[in-house]
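Colleague: I'm new to this one, so could you take a close look at a single part for me? I'd like to hear about the charged side chains that pair up.

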Amino acid sequence: MPTQAYFDQFPPFPDDVQTAGLQRVSFAKLLSQDEAEAKTLFEACRAWGFFVLDFEGCEEGQSFLQKAEDMFELDKELNSMDVAELMNYAYKPPHSLFGYKESGNLKIEDGRPDRVEFYNVGRDDMMGVSAPLPNPPCIEKKRPALKSYMEQAQSVVRLICDTLDSQLHLPSGTLASLQPLDKPSGTALRLLRYLPQPTTDRRTSLLGHTDIGSLTILFNVTGGLQLLSPGTDPTDEANWRYVKPAPGCAIVNLGDAMVEWSAGVLRSNMHRVTFAPGAAGQVPRYSHAYLVRPEAEAPMKRLAGGDSLIPELAQGEEDNMMNAKEWEAHKAVAIRQGKDNARSRGGREIKLKGEKVAIAVSEVAA
């Protein structure tokens with residue numbers, strides 16, 4: 001999340017709310033290739049599939065935090081526009097994932113309308129990989145800032161991928177090569193707003209889900225994000241835990257693509273957004289998420305073989321022979337048909353230094 005000064009503009013997160021026990025990982029230590037910090041990241045990616053990435057303590061991290069604050073200001077400017085005007089840039093899934101989604105046009109678990117609006121800014125558009133897309137004037141005038149933010153966000157993604165390569169005993173650059181900056185993909189910066197909910201009708205704003213992509217970098221200041229505790233029933237409200245925002249940090253999570261590539265070693269965990277606890281529930285909630293997807297032609301088969309810790313195919317298993325574009329379309333159809341219900345995936349047992357290490361999870365799906 002942004003700096004302490006930015007946090008001070010909003011009501012604080014209550015001290016008496018139960019939260020998820022996520023690992024905090026130092027960006028500066030990852031840059032210096034600290035082995036203990038790399039192991040902490042790997043453990044977090046297997047246990048929760050989420051961790052808190054602390055950008056304090058180095059110049060590169062501070063630069064990224066400042067860019068993140070600028071994106072919050074853009075989010076506010078964008079959402080000050082009339083909905084009727086924003087609807088001129090409406091996204092049209094599954095044909096186009098970029099543009100504006102109005103509040104209420106998707107459903108939550110019980111069939112009621114959601115309470116989130118967002119705008120997806122396509123990375124291909126900002127980086128010149130695709131033809132320019134139509135965007136509101138406030139987006140267009142921020143093209144240089146958006147390009148700069150995405151370039152630095154991608155450098156953070158590369159660092160995380162390089163760390164996972166090392167921990168999984170993959171050749172250096174393996175994971176990053178599947179999601180480069182200069183190849184077509186569905187990667188986007190999502191600018192979100194959640195308006196305050198009536199005190200007599202507080203509920204889920206964005207339904208429980210896992211991310212279909214590879215990795216997400218989320219910045220938010222007020223609470224509302226909740227994670228499903230590993231190995232628990234999503235229909236039991238007691239199993240959902242808030243994530244407490246922290247100044248100078250982002251929340252990072254892995255998506256379903258990482259589960260595919262790692263044959264279930266890495267984890268993609270269910271999460272949702274509900275009302276912010278405490279006084280923060282009385283103010284609009286802004287957040288932005290850099291949602292990374294594999295490049296369209298990237299193979300989705302498991303990265304086994306050689307010295308990799310990723311298991312080879314067992315008897316009766318079949319590898320995923322689709323590319324990313326085909327796989328994403330296949331998953332979208334399966335979800336619409338009710339054949340691929342939202343659930344946490346990954347956290348498979350593997351052997352580390354001759355010992356079997358188990359992570360408690362609800363399900364492994366490679």
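Modeller: Let's start with a term: a residue is called buried when its relative accessible area is under 20%, exposed when that area is over 50%, and partly exposed in between. Keep in mind that this is a predicted model. Now take Arg272, which is buried because its relative accessible area is 4%. Its side chain meets that of Glu237 in a salt bridge, 2.7 Å from N to O. Arg272 sits in strand E11 (residues 271–273), while Glu237 is in the loop between strand E8 (225–228) and strand E9 (240–242), so the pair ties together parts that are 35 residues apart in sequence. Glu237, at 52% relative accessible area, is exposed.

That pair has company, since a search of the whole structure turns up 18 salt bridges. Another one links Asp54 and Arg24, with 3.4 Å from N to O. Here Asp54 belongs to strand E2 (residues 50–54) and Arg24 to strand E1 (residues 24–26), so this bridge ties together parts 30 residues apart in sequence. Asp54 counts as buried at 15% relative accessibility, whereas Arg24 is partly exposed at 47%.

For a pair within one helix, look at Glu151 and Lys147, whose side chains meet at 2.7 Å, N to O. Both lie in helix H8 (residues 143–168), four residues apart, or about one turn of the helix. Glu151 is partly exposed at 32% relative accessibility, and Lys147 is partly exposed with a relative accessible area of 32%.

Key:
Residues numbered from 1 in each chain as written. Predicted model: local features only at pLDDT ≥ 70, side-chain atom pairs only at ≥ 80, totals over all residues. Heavy atoms only, no water. Salt bridge = Lys/Arg side-chain N within 4 Å of Asp/Glu carboxyl O. Helix = DSSP H or I, 4+ residues; strand = E, 2+ residues; numbered from the N terminus. Buried < 20%, exposed > 50% of the residue type's maximum accessible area, 1.4 Å probe, protein only.
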